[in-house]
Amino acid sequence: MNRKLNSVLALALAGSLALLSGCGQATSSSEGASSAASGDTLLNLYTWEGMFPQEVLDGFTAETGIQINYSSFDTDETMLAKLEAAKGSDYDLVIADDYIVETAISEGLVAKLDKTKLSNLGNVNPIYQGQFFDPEDAYTVPYGAGVQTIVYDPALVEKPITCYADLWDESLKDNLAVIGNYRVVDGMALKVLGESYNTADPAVLEQAKAKLLELAPNIRLIKDANTQDDLLSGEVGAAVMYTSQVTTACLANPDLQVVYPTEGVGFGIMAQFIPSNAPHSDAAHAFIDYILRPEVAKSCFEWMGYYCTNKAADSLIDPAYQSFLTLPEDFDGKTEMIQNVSAETEEIHAQMWTEFKAACGQ
């Protein structure tokens with residue numbers, strides 16, 4: 001998944017963001033982070049590339065003396081394979097997607113949090129807690145969240161778009177881009193049919209495949225990275241994108257229309273966890289607590305462009321980002337999290353995706 005805002009946009013907004021850089025007070029002192037990590041001088045952080053602004057990483061090191069060894073993975077599956085091979089060691093803190101975190105927990109690769117070391121834990125928005133992958137919030141702290149959203153340029157689209165079903169309209173022929181996540185794209189067809197993203201009924205999945213193949217003539221691009229650039233350049237008139245891509249696109253072109261499909265939408269959370277045999281667990285707790293501070297969280301969410309999971313930071317977010325970093329209130333209850341499914345169902349999805357890409361010439 002694309003995880004951060006376009007750097008050019010970030011620089012363009014730097015002036016306005018700097019006006020707010022002094023806002024807010026930490027809910028714990030710098031001494032708290034230092035003492036929590038006493039004895040640790042290194043933090044092995046493992047996540048996607050570009051998940052933090054450099055000033056946040058530098059600020060943590062300056063305050064605690066803990067150096068950050070930042071390594072990145074390309075997919076959640078790559079992360080899990082390395083964590084399995086290391087038997088929960090090698091890394092101190094991992095940030096990954098909800099479904100893969102559930103698997104890591106089930107395999108005993110995740111340690112329970114010591115909440116006595118997380119004085120800022122109360123800043124987490126409870127909307128993002130108690131989810132399927134960690135119902136008791138014993139192992140994880142949310143770092144960001146988002147939905148798969150439709151965005152279109154009214155100047156390049158003949159008809160208004162209000163739902164997933166509108167993407168099938170013939171007026172969009174060769175004018176639509178979608179991200180390369182097969183569960184999301186397969187899920188669009190399931191939602192149009194009124195079904196769950198997580199259905200295991202082979203007959204329903206067969207219907208969804210037929211529906212998805214009908215969408216092929218409208219697809220111009222299937223790509224995960226920087227899909228917003230194709231919308232901004234006019235290569236396509238409409239796109240289904242990740243939250244960070246939507247934020248980037250709409251900051252660059254305020255005339256773009258954002259659509260939360262009336263059928264409901266896939267909702268996901270990126271979560272932090274400490275591996276079961278992390279060599280520097282204290283440093284991991286200290287870093288989690290540090291980025292839970294409102295003013296630090298503000299910097300992180302403006303950098304990523306994903307939904308803010310820190311309720312104490314909400315009021316600090318720059319007005320330019322405010323409308324992009326929360327789900328509309330009237331959409332509450334219309335989200336569904338895409339979860340792990342059986343190997344048999346996964347195989348059906350993979351086949352759907354293969355046939356769909358072939359039909360799209362991708």
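This report describes the strands, voids and selected residues of a predicted model.

## Strand pairing around S1

Strand S1 spans residues 42-47 and is mostly covered, with five of its six residues buried. Its pairing with strand S2, which covers residues 67-72, is parallel and rests on six bridges. Within that pairing, Leu43 has Ile68 of S2 as its bridge partner. Strand S1 also pairs with strand S3 (residues 93-97), again in the parallel sense, over two bridges. Here the bridge partner of Tyr46 is Val94 in S3.

A helix completes the arrangement of S1 and S2: together with H4, these strands make a right-handed β-α-β unit. Helix H4 comprises residues 54-64, and Gln54 is found in it. Gln54 has a relative accessibility of 47% and therefore counts as partly exposed, since that class lies between the 20% limit for buried and the 50% limit for exposed residues. Gln54 also has a spatial relation to a distant part of the sequence: the C-alpha atoms of Gln54 and Trp303 are 10.0 Å apart, although 249 residues separate the two in sequence.

## Strand S8 and its partners

Strand S8 consists of residues 238-241, and its side chains alternate in direction: Ala238 and Val240 point one way, while Ala239 and Met241 point the other way. All four of these residues are buried.

Strand S8 has pairings of both senses. Strand S5 (residues 149-152) runs antiparallel to S8 and is joined to it by four bridges. Strand S6 (residues 176-178), by contrast, pairs with S8 in the parallel sense, over three bridges. Ala239 takes part in both contacts: Val151 stands opposite Ala239, and Ala177 likewise stands opposite Ala239.

## The largest pocket

The largest pocket has a volume of about 730 Å³. Its lining is made up of 36 residues, and those nearest the centre are Asp76, Glu77, Asp97, Tyr99 and Asn181. Two or more lining residues are given by each of helix H5 (76-85), helix H6 (98-106), strand S4, helix H7 (182-192) and strand S10 (265-273). Of the elements, S10 supplies the largest share, with five residues. By class, the lining of this pocket divides into 15 nonpolar, 12 polar and nine charged residues.

## Enclosed cavities

Two cavities of 30 Å³ or more are found in the model. The largest cavity holds about 80 Å³ of space. Its lining consists of Val124, Pro142, Tyr143, Gln272, Ile291, Leu292, Ala297, Cys300, Phe301, Thr309 and Asn310. Strand S4 (140-147) and helix H12 (294-304) each provide at least two of these residues, and H12 gives the largest share, namely three.

The second largest cavity contains about 30 Å³ of space. Among the residues that line it are Tyr128, Phe133, Asp134, Asp137, Thr140, Val141, Pro142 and Ala271. For this cavity, the largest share of the lining comes from S4, with three residues. Pro142 belongs to the linings of both cavities.

The table below sets out the volumes and lining classes of the pocket and the cavities.

| Void | Volume | Nonpolar residues | Polar residues | Charged residues |
|---|---|---|---|---|
| Largest pocket | about 730 Å³ | 15 | 12 | nine |
| Largest cavity | about 80 Å³ | eight | three | no charged residues |
| Second largest cavity | about 30 Å³ | five | four | two |

The lining of the largest cavity thus has no charged residues, whereas that of the second largest cavity includes two.

## Cysteines

A search of the whole structure finds zero disulfides. Cys308 is accordingly in no disulfide, and the nearest cysteine sulfur, which belongs to Cys300, lies 9.7 Å away. A disulfide requires two cysteine sulfur atoms within 2.5 Å, so the separation of 9.7 Å excludes a bond between Cys308 and Cys300 in this model. Cys300 is also one of the residues that line the largest cavity.

As for solvent accessibility, Cys308 has a relative accessible area of 2% and is therefore buried, the limit being under 20%. Cys163 is buried as well, with a relative accessible area of 10%.

Key: Residues are numbered from 1 along each chain as its sequence is written. This is a predicted model: local features need pLDDT of at least 70, side-chain atom pairs count only at pLDDT 80 or more; totals for chains, interfaces and linings use all residues. Side-chain values use heavy atoms; hydrogens and water are left out. Buried means under 20% relative accessible area, exposed over 50%, partly exposed in between (1.4 Å probe, protein chains only). Two strands pair if DSSP finds at least two bridges between them. On a 1 Å grid over the protein atoms alone, a cavity is a set of points where a 1.4 Å probe fits but cannot get out, and a pocket is an open set with protein on both sides within 12 Å along at least five of seven lines; lining residues have an atom within 4 Å of a point. Grid points are joined across faces, edges and corners, and a volume is the space filled by probe spheres set on the points. Ala, Val, Leu, Ile, Met, Phe, Trp, Tyr, Cys and Pro count as nonpolar, Asp, Glu, Lys and Arg as charged, and the others, Gly among them, as polar. A crossover is right-handed if, with the strands pointing away from the viewer, the path from the first strand over the helix to the second runs clockwise.
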